[in-house]
Amino acid sequence: MWTVKVVGLGVVALSLSLELFGRLLRRLRPAGRILNEVLFFPTEMACVEHIFTPSSPHSCFCSLPHGKETSLSRLLQRILSASFSLDLCVFAFSNINLRRAVLALHSRGVAIRVLTDKDYAAITGSQIGVLRKAGICVRCDVGSVYMHHKFAVVDGRLLITGSLNWTLTAVQGNMENILITEEPRLVQPFIKEFHRLWMRNDPARYQHSNDQKPAHVTTRTQCPVNHDKY
């Protein structure tokens, strides 16, 4: 029980630290330069390799157009702008390029937390298992309804939200939208919502709750880890 309390206090302290640091960054930013951006999908087909290898912009020789700015390239750039944290809350995650962006941040030492839907984490093509294998902290919502959010918070200051699931179909085939903003009045509620869901789906808390139940009482299972499906 003490372990659960200590872990819970640690998560609260981390969330507060990220929020305070985000506020400090916003204060240091010149006045009148709050970012607001809207992206629409489906995106145009174009190579995005230069975003992942900016030091070698001409290293890819695929047949797709090169050096072309698209909604996907803008989204990747905003995600990769993270300096110290990325909180991602997404229903479905199967897009390879978005997975590459998250793994690139992880390799740079950015603290990443991913919250996703329990059922859709196990579908064929999901990248959640890949993130877990890489050591990224992932929690699955254990509620009785779908965790249908699609938003990310970068460095506690930048919100990315909209209708877009992080899937190939959504990026290339659906009519979707993304809003990107640094407006504090919009960012802060999403920070609080992520913290609420993250704490609610703490495995230690869930396990402690199960330990108090009679043997015949069952609850929704934890996030499955079937690496054969990823």
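## The chain as a whole

Of the 230 residues in the protein chain, 43% are buried, a value that, like every other in this report, was computed from a predicted model. The secondary structure of the protein chain consists of 8 helices and 7 strands.

Contacts that bring together distant parts of the sequence are counted here among pairs with a separation of 6 or more, and within that group 76% of the contacts in the protein chain join residues 24 or more positions apart. On the outside, the protein chain exposes about 12100 Å², and 58% of this area is supplied by carbon and sulfur atoms.

## The largest pocket

Empty space can be found by rolling a probe the size of a water molecule over the atoms. In this model, the largest pocket holds about 260 Å³ of space. Two elements, α4 (96-107) and α6 (168-173), each give two or more residues to the lining of this pocket, and the element that gives the most is α6, with 3 residues.

The lining of the largest pocket is made up of 19 residues, and those that lie nearest its centre are A46, V48, L72, N97 and Q172. When the lining residues are sorted by character, 11 are nonpolar, 6 are polar and 2 are charged.

## L168 in helix α6

Helix α6, which contributes to the pocket lining, also contains L168. The relative accessible area of L168 is 46%, and because partly exposed residues are those between the limits of 20% and 50%, L168 is described as partly exposed.

Which residues does L168 touch, once those up to four places away in sequence are set aside? They are S94, N95 and G173. A further relationship links L168 with N97, since the two are 71 residues apart in sequence, while their C-alpha atoms are 9.0 Å apart in space. N97 has already appeared above, as one of the residues nearest the centre of the largest pocket.

## E183 in a loop

E183 is found in the loop between strand β7 (176-181) and helix α7 (184-200). Is E183, a loop residue, counted as buried or exposed? Its relative accessibility is 18%, and because a residue under 20% is classed as buried, E183 counts as buried.

The contacts of E183 add to this picture: leaving out residues up to four places away in sequence, E183 touches I34, L35 and N36.

Methods:
Residues are numbered from 1 along each chain as its sequence is written. This is a predicted model: local features need pLDDT of at least 70, side-chain atom pairs count only at pLDDT 80 or more; totals for chains, interfaces and linings use all residues. Side-chain values use heavy atoms; hydrogens and water are left out. Helices (H or I, at least four residues) and strands (E, at least two) are DSSP runs, numbered from the N terminus. Buried means under 20% relative accessible area, exposed over 50%, partly exposed in between (1.4 Å probe, protein chains only). Contact means heavy atoms within 4.5 Å. Accessible areas come from the Shrake-Rupley method with a 1.4 Å probe; for residues, only the protein chains shown count as cover. On a 1 Å grid over the protein atoms alone, a cavity is a set of points where a 1.4 Å probe fits but cannot get out, and a pocket is an open set with protein on both sides within 12 Å along at least five of seven lines; lining residues have an atom within 4 Å of a point. Grid points are joined across faces, edges and corners, and a volume is the space filled by probe spheres set on the points. Ala, Val, Leu, Ile, Met, Phe, Trp, Tyr, Cys and Pro count as nonpolar, Asp, Glu, Lys and Arg as charged, and the others, Gly among them, as polar.
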